[in-house]
Amino acid sequence: MNNPNFKYPDTAAYNFIMQYLEQKQIHIADIASITYNIQKQYLPQLTEEEAVSAVVDVLHKREVMNNAMVGIALDQAASTNQLPEPLQAIVENDAGVFGVDELLAEGGISGIYGKIATTNFGYLDKEKHGILKRLDTVKGKGVNTFLDDIIAAVAAAAGAKIAHKYA
């Protein structure tokens with residue numbers, strides 16, 4: 001049964017995500033750079049500051065934070081061999097047929113921002129721009145199976161947020 005007295009810890013959730021990103025040496029500007037680069041061809045007047053603002057807005061949305069926290073927790077658990085087998089091996093090796101990482105990020109983050117975000121996510125998931133490339137290829141520094149998709153989804157959602165603003 002839900003506790004009617006529970007106050008959702010939005011600030012704590014946001015801080016948890018930001019601390020994890022900092023630990024992984026990922027900055028808002030890294031995510032905003034991806035957003036800027038995917039949207040500037042459609043909106044030549046777009047500034048990098050607008051991309052930063054859109055990323056920050058997306059990261060403050062409760063649904064985004066919920067999905068990001070779950071993905072981060074799974075990566076953390078896999079990084080310390082805390083998942084049961086065969087899930088540990090699947091997540092640790094970012095198995096291509098797993099798809100749960102993309103499902104969580106696309107459905108729970110970019111998907112809530114509409115078709116533009118969904119299309120952006122698919123493109124970023126395939127092309128691995130900016131920080132996504134490092135996260136997808138780094139070995140021996142923890143598991144990033146969910147994190148690269150979370151970052152792609154946030155960048156994609158921020159791009160959609162910008163596109164809707166100018167529509």
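**Exercise 1. Charges and surface**

Task: Find how far apart the mean positions of the positive and negative charges of the chain lie, and work out what share of the accessible surface belongs to carbon and sulfur atoms.

Solution: Start with the charges in this predicted model. The chain carries 14 positive and 20 negative charges. Take the mean position of each set, and the two points come out 3 Å apart. Next, turn to the surface. Its accessible area is about 9,000 Å², and carbon and sulfur atoms supply 54% of that area.

**Exercise 2. The overall fold**

Task: Describe the elements of the chain in order, then decide how its radius of gyration compares with the globule rule.

Solution: Count the elements to begin with: there are nine helices and zero strands. Read from the N terminus, the order is therefore α-α-α-α-α-α-α-α-α. Now bring in the radius of gyration, which is 16 Å. For 167 residues the globule rule gives 15 Å, and the two values are close, so the chain is as compact as a globular protein of that length. The C-alpha trace spans about 50 × 45 × 25 Å along its principal axes. Two more values fill in the picture. Of the 167 residues, 42% are buried. Among contacts with a separation of 6 or more, 75% join residues that are 24 or more positions apart.

**Exercise 3. The buried side of H6**

Task: Which residues of helix H6 are buried, and how are they arranged around the helix axis?

Solution: Helix H6 covers residues 100-108, and its buried residues are Asp-101, Leu-104, Ala-105 and Gly-108. Look down the axis of H6: these buried residues fall within an arc of 105 degrees, so they line one face of the helix. Then ask what lies over them. The cover includes helix H4 (62-79), helix H7 (115-127) and H9.

**Exercise 4. Two buried residues, one in a loop and one in a helix**

Task: Place Ile-26 and Asp-148 in the chain, and state for each whether it is buried or exposed.

Solution: Begin with Ile-26, which sits in the loop between helix H1 (10-23) and helix H2 (28-39). Its relative accessible area is 2%, so Ile-26 is buried. Setting aside neighbours within four places in sequence, Ile-26 is in contact with Leu-21, Ile-31, Ile-131, Arg-134, Leu-135, Leu-147 and Ile-151. Take the last of these partners: Ile-26 and Ile-151 are 125 residues apart in sequence, yet their C-alpha atoms are 9.3 Å apart in space.

Now move to Asp-148, which belongs to helix H9 (residues 147-166). The relative accessibility of Asp-148 is 2%, and the cut-off for buried is under 20%, so Asp-148 counts as buried. With neighbours within four places again left out, the contacts of Asp-148 are Lys-128, Leu-132, Leu-135 and Asp-136. Leu-135 appears among the contacts of Ile-26 and among those of Asp-148.

**Exercise 5. Backbone features in the loops**

Task: Which peptide bond is cis, and what are the phi values of Gln-25 and Asn-81?

Solution: The cis bond runs from Glu-85 to Pro-86, with omega near 5 degrees. Pro-86 lies in the loop between H4 and helix H5 (87-92).

For phi, look at Gln-25 in the loop between H1 and H2. Gln-25 is not a glycine, yet its phi is positive, near 60 degrees. At 57% relative accessibility, Gln-25 counts as exposed.

Asn-81 is in the loop between H4 and H5. Asn-81 is also not a glycine and has a positive phi of about 55 degrees. Since exposed means over 50%, the 54% relative accessibility of Asn-81 makes it exposed.

**Exercise 6. Pairs across the chain**

Task: Find what Met-18 touches beyond its sequence neighbours, and how far Thr-119 is from Ala-156.

Solution: Met-18 is part of helix H1. Not counting residues up to four places away in sequence, Met-18 touches Ile-28 and Leu-59. Met-18 and Ile-28 are ten residues apart in sequence, with 8.9 Å between their C-alpha atoms.

Finish with Thr-119 in helix H7. At 56% relative accessibility, Thr-119 counts as exposed. The C-alpha atoms of Thr-119 and Ala-156 are separated by 8.0 Å, and the two residues are 37 apart along the chain.

Terms used: Residues numbered from 1 in each chain as written. Predicted model: local features only at pLDDT ≥ 70, side-chain atom pairs only at ≥ 80, totals over all residues. Heavy atoms only, no water. Helix = DSSP H or I, 4+ residues; strand = E, 2+ residues; numbered from the N terminus. Buried < 20%, exposed > 50% of the residue type's maximum accessible area, 1.4 Å probe, protein only. Contact = heavy atoms within 4.5 Å. Arc of directions from axis to C-beta. Rg over C-alpha atoms; globule rule 2.2 N^0.38 Å. Areas by Shrake-Rupley, 256 points an atom, 1.4 Å probe, with all protein chains shown as cover. Lys, Arg positive; Asp, Glu negative; His and termini not counted. Charge placed at Lys NZ, Arg CZ, Asp CG, Glu CD.
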